[in-house]
Amino acid sequence: MPVRVLLVDDEPLVRAGLRAVLEAQPDMDVVGEAADGAAVIPLVRQTRPDVVAMDVRMPLLDGIEATRALLRTVADPPKILVVTTFENDEYVYEALRAGADGFLLKRARPAEIVHAVRLIAEGESLLFPASVRQLAAEYGDGGGNRAARAALERARLTEREGEVLRLMARGLSNAEIAARLVVGTETVKSHVSAVLAKLGARDRTQAVITAYESGFVAPG
């Protein structure tokens, strides 16, 4: 089954460029477009995409609020890939905090765009882990986020689950974690699922942000 993608950006040229790149792939299908975050929820319900590629800054409803609304309103929501002009942008970090699964620069090369969409759809690795770490170092709370610390304390991760979370923060995939720990991939998947469930995180990105903001993993 192809990866179904919804494009949300107020710039028609950006949407056209993304559509051209993605529809050139045999395993991807652009199922709709919108010019503002306010149109996301009805379009998601209509088209049922796997991934929403969404601009972080739009005139009526930006990508941060659209992400919050989508995750709050839609059952079994799609993955959210924030599309942005600037990498080191507080808006990007706030979108990740709000529940976005990763971000992509508008100047990215076609191969990078395709890779980002596939990675987000698969959900087995962190997209641009070094950039997420830099954003957390600059815009996070330096390990002092009370909600994140409380979530980590409640989680009571085992030693192995903590080790898996640290490797997730470094951007390792399930297969890479399995090789590092000398265990099977299915075992790693079980540990990852346990970490997400215990932290109340919907995906790896949210778990890693909690790890950074609680001080469990140092972003520097």
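Helix axes here are lines fitted to C-alpha atoms over the stretch in contact, and angles between them run from 0 to 180 degrees between N-to-C directions. The legends below describe close-up views of a predicted model.

**Figure 1. Crossing of helices α8 and α9.** The two axes, of α8 and α9, cross at roughly 130 degrees and come within 10 Å. Angles of 35 to 65 degrees and of 115 to 145 degrees fall outside the parallel, antiparallel and perpendicular classes, so α8 is oblique to α9. The crossing of α8 and α9 is right-handed. On the α8 side, Arg160, Glu163, Val164, Leu167 and Met168 make the contact, and on the α9 side Ile177, Arg180 and Leu181 do so. Sorted by class, the residues of this contact between α8 and α9 are five nonpolar and three charged, with no polar ones.

**Figure 2. Packing of helix α9 on helix α10.** Helix α9 spans residues 174-181 and helix α10 spans residues 185-199. Their axes lie 8 Å apart, at an angle of about 110 degrees. With 65 to 115 degrees counted as roughly perpendicular, α9 is therefore roughly perpendicular to α10. Helix α9 contributes Asn174, Ala175, Ile177 and Ala178 to the contact, while α10 contributes Thr185, Val188, Lys189 and Val192. The contact of α9 with α10 has five nonpolar residues, two polar and one charged. Ile177 of α9 takes part here and also in the contact with α8.

**Figure 3. Packing of helix α2 on helix α3.** Helix α2 (residues 40-47) meets helix α3 (residues 63-73) at an angle of about 45 degrees, and the axes are 9 Å apart. The pair α2 and α3 is therefore oblique, and the crossing is right-handed. Residues in contact are Val40, Ile41, Val44 and Arg45 from α2, with Ala66, Ala69, Leu70 and Thr73 from α3. By class, six residues in the contact of α2 with α3 are nonpolar, one is polar and one is charged.

**Figure 4. Buried side of helix α6.** Helix α6 covers residues 129-139, and its buried residues are Pro129, Ser131, Val132, Leu135, Ala136 and Tyr139. These residues lie on the same side of α6 because they cover an arc of only 160 degrees around the axis. An α-helix has 3.6 residues a turn, so residues three or four places apart point the same way. The partners against which the buried residues of α6 pack are three helices and a strand: α4 (90-98), α8 (159-169) and α11 (204-214), together with β5 (102-105).

Key: Residues numbered from 1 in each chain as written. Predicted model: local features only at pLDDT ≥ 70, side-chain atom pairs only at ≥ 80, totals over all residues. Heavy atoms only, no water. Buried < 20%, exposed > 50% of the residue type's maximum accessible area, 1.4 Å probe, protein only. Helix = DSSP H or I, 4+ residues; strand = E, 2+ residues; numbered from the N terminus. Arc of directions from axis to C-beta. Contact = heavy atoms within 4.5 Å. Left-handed = near helix turned anticlockwise from the far one by under 90°. Nonpolar A, V, L, I, M, F, W, Y, C, P; charged D, E, K, R; others polar.
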